[in-house]
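Work through the exercises below with the structure in view, and try each task before reading the solution that follows.

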Amino acid sequence: MTHTPPKILISACLLGQPVRYDGRGKPLSHPAIERWRSEGRLVTICPEMAGGMPVPRPPAEIERGASGLDVLEGRARVLEVTGGDVTAQFIAGAQKALAFAKANGCTHALLIDGSPSCGSVAIYDGSFSGLKHPGNGVTAALLGKAGITVFSPAGIDRLDTLTR
């Protein structure tokens with residue numbers, strides 16, 4: 001019996017796609033990414049765009065130092081720096097990312113950290129002052145609840161070891 005390595009959901013911005021709020025990508029250069037790409041193992045998504053948000057868009061943060069789980073459970077909102085409430089778009093994007101990951105057999109995810117969607121180690125605290133706190137974004141929280149292990153770029157070596 002042959003071993004089929006698992007597929008990995010990856011933030012589109014980490015592949016250089018210009019999908020971030022500021023219209024840019026944030027490409028992550030690592031030999032594992034090139035290998036996974038050549039093996040057809042990467043499943044690419046931007047949860048915020050999947051939720052219907054445009055590029056560019058105003059920066060958004062989860063309010064009051066809360067987390068993605070708080071948003072999913074209705075205890076917090078995702079707000080733009082302009083005051084707009086984009087909670088529904090973030091939840092919709094997370095749900096689409098989860099459905100896409102499941103449909104493609106992803107068991108792991110590599111998501112950009114800091115994001116109110118994809119952050120898995122630290123996210124901005126809702127003050128739009130550049131301060132971060134430990135926590136996860138809406139998509140990272142939903143994926144984790146569904147049993148998909150989420151890694152930030154800092155954890156790529158561990159992810160590579162686990163998914164060989």
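**Exercise 1.** In this predicted model, find where Arg41 is placed along the chain, decide whether Arg41 counts as buried or exposed, and list what surrounds Arg41.

*Solution.* Start with the chain: Arg41 is found in the loop that runs between α1 (31–38) and β2 (42–45). Next, take the accessibility: the relative value for Arg41 is 5%, and because the cut-off for buried is under 20%, Arg41 counts as buried. Then look at the surroundings, where, once neighbours within four places in sequence are set aside, Arg41 is in contact with Pro5, Pro6, Lys7, Ile8, Trp36 and Thr163. Finally, look at Thr163 in detail: its backbone oxygen lies 2.9 Å from a polar atom of the Arg41 side chain.

**Exercise 2.** Locate Glu80, and work out which side chain of opposite charge is nearest to Glu80 and how far away that side chain is.

*Solution.* Glu80 belongs to strand β4, which covers residues 78–80. The nearest side chain of opposite charge is that of Arg57, at 7.1 Å, and because a salt bridge requires the charged atoms to be within 4 Å, Glu80 has none, although Glu80 is buried. The residues in contact with Glu80, apart from those within four places in sequence, are Met53, Pro58, Pro59, Ala60, Val86 and Phe128.

**Exercise 3.** How many disulfides does the structure hold, and why is Cys106 not bonded to Cys118?

*Solution.* The structure holds zero disulfides. For Cys106, the closest cysteine sulfur is in Cys118 at 13 Å, which is too far for a bond. Cys118 is in no disulfide either, since its nearest cysteine sulfur, that of Cys13, is 6.5 Å away, and the cut-off is 2.5 Å. Both cysteines of the task can then be checked for burial: Cys106 counts as buried at 6% relative accessibility, and Cys118 is buried with a relative accessible area of 4%.

**Exercise 4.** Describe the largest nonpolar core, and identify which element gives the largest share of this core.

*Solution.* The core has 43 residues, and those with the most contacts inside it are Leu9, Ile33, Trp36, Ile62, Val78, Leu110 and Leu143. Among the elements that give two or more residues to this core are β1 (7–11), β3 (60–62), β5 (106–110) and α6 (156–162). The largest share, five residues, comes from α4. As background, nonpolar side chains tend to be buried together in soluble globular proteins. To follow one member outward, take Val78, whose contacts beyond four places in sequence include Ala60, Ile62, Val71, Val86, Phe90 and Val138.

Note on methods: Residues numbered from 1 in each chain as written. Predicted model: local features only at pLDDT ≥ 70, side-chain atom pairs only at ≥ 80, totals over all residues. Heavy atoms only, no water. Helix = DSSP H or I, 4+ residues; strand = E, 2+ residues; numbered from the N terminus. Buried < 20%, exposed > 50% of the residue type's maximum accessible area, 1.4 Å probe, protein only. Lys, Arg positive; Asp, Glu negative; His and termini not counted. Contact = heavy atoms within 4.5 Å. Polar contact = N/O pair within 3.5 Å; in protein donor to acceptor, adjacent residues only side chain to side chain. Core = buried A, V, L, I, M, F, W, Y, C linked by side-chain atoms within 4.5 Å.
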